[in-house]
Amino acid sequence: VMSSADRNVAPRGRATQSSLILGEMSSFGHALNAIDGNPNPDLRKGSCSMTDRETDPWWRVDLHERYRVSSVTLTNPKTGSPKGLNGVHIRIGDSTNAKENPL
């Protein structure tokens, strides 16, 4: 296990999500935007991801290596619903079935 020791290792990973927001914003909400290192919360600036409205949406990042994760930072897009991240579950682990990874 490698230590992430205050390094953002997410940009080295591969991000995927369950869907892409539809409509005029679709070109801005790709999963990889969430790991680009830019914390700008404006979806139109291309640094956020956003799924379409759906039951049980998900977003994940494969870091390709094992790391000891000490923190995760989430920013709600300012163009999204203020409730956009309410109820989010963060699971960290090696299973490709995310629900098997611990909260």
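Biologist: Among contacts in the chain between residues at least 6 apart in sequence, what share joins residues at least 24 apart?
Modeller: This is a predicted model. Contact here means heavy atoms within 4.5 Å. Take the pairs at least 6 apart in sequence, then keep those at least 24 apart, and the share is 53%.

Biologist: How many helices and strands does the chain have?
Modeller: Read along the sequence, the pattern is β-β-β-β. The count is therefore 0 helices and 4 strands.

Biologist: What radius of gyration does the chain have, and what does the globule rule give for 103 residues?
Modeller: The C-alpha trace spans about 40 × 25 × 20 Å along its principal axes. The two radii are close, so the chain is as compact as a globular protein of that length. The chain has 14 Å, and the rule gives 13 Å.

Biologist: What percentage of the 103 residues in the chain is buried?
Modeller: A buried residue has under 20% relative accessible area. The accessible surface of the chain is about 7500 Å², and 50% of that belongs to carbon and sulfur atoms. Of the 103 residues, the buried share is 23%.

Biologist: Is Q17 buried or exposed?
Modeller: Q17 sits in strand β2. Apart from neighbours within four places in sequence, Q17 has contacts that include H30, M50, W58 and W59. Its relative accessible area is 16%, and the cut-off is 20%, so Q17 is buried.

Biologist: Which backbone nitrogen does the side chain of Q17 reach?
Modeller: The Q17 side chain also has a polar atom 2.7 Å from the backbone oxygen of S19. The backbone nitrogen is reached at 3.2 Å, and it belongs to A31.

Biologist: Is S47 buried or exposed?
Modeller: S47 lies in the loop between β2 and β3. Beyond its neighbours within four places in sequence, S47 is in contact with N33, A34, D36, N38, N40 and D42. Its relative accessible area is 6%, under the 20% cut-off, so S47 is buried.

Biologist: With which side chain does the side chain of S47 make a polar contact at 3.0 Å?
Modeller: The S47 side chain makes a polar contact with the side chain of D36 at 3.2 Å. The contact at 3.0 Å is with the side chain of N38.

Biologist: Which side chain meets that of R44 in a salt bridge?
Modeller: The N to O distance is 3.6 Å. Both residues of the pair lie in the loop between β2 and β3, 20 residues apart. R44 is partly exposed at 46% relative accessible area. Its partner is E24.

Biologist: How many salt bridges are there by this rule?
Modeller: One pairs R44 with E24. Another pairs R66 with D94 at 2.4 Å, N to O. The count comes to 2.

Biologist: How many residues apart in sequence are the parts that R66 and D94 tie together?
Modeller: R66 and D94 are both exposed. They meet in a salt bridge. R66 is in the loop between β3 and β4 while D94 is in the segment after β4, so the parts tied together are separated in sequence by 28 residues.

Biologist: What accessible area does the nonpolar patch on the surface have together?
Modeller: The patch is formed by V69, V72, L74, L85, V88, I90 and I92. V72 lies in the segment after β4 and is partly exposed at 44% relative accessible area. V69 is in the segment after β4 too, and is partly exposed at 34%. Together the patch residues have about 510 Å².

Biologist: How far apart in space are V69 and L43, C-alpha to C-alpha?
Modeller: In sequence V69 and L43 are 26 residues apart. In space, C-alpha to C-alpha, the distance is 26 Å.

Biologist: What phi does D56 have?
Modeller: Most residues other than glycine have a negative phi. D56 is not a glycine, yet its phi is positive. D56 is found in the loop between β2 and β3 and is exposed at 58% relative accessible area. Its phi is about 55°.

Biologist: Where does H64 lie?
Modeller: H64 has a positive phi of about 70° although it is not a glycine. At 52% relative accessibility, over the 50% cut-off, H64 counts as exposed. H64 lies in the loop between β3 and β4.

Methods:
Residues numbered from 1 in each chain as written. Predicted model: local features only at pLDDT ≥ 70, side-chain atom pairs only at ≥ 80, totals over all residues. Heavy atoms only, no water. Patch = residues over 30% accessible without salt bridge, like charges linked within 9 Å, V, L, I, M, F, W, Y side chains within 5 Å. Areas by Shrake-Rupley, 256 points an atom, 1.4 Å probe, with all protein chains shown as cover. Salt bridge = Lys/Arg side-chain N within 4 Å of Asp/Glu carboxyl O. Helix = DSSP H or I, 4+ residues; strand = E, 2+ residues; numbered from the N terminus. Buried < 20%, exposed > 50% of the residue type's maximum accessible area, 1.4 Å probe, protein only. Rg over C-alpha atoms; globule rule 2.2 N^0.38 Å. Polar contact = N/O pair within 3.5 Å; in protein donor to acceptor, adjacent residues only side chain to side chain.
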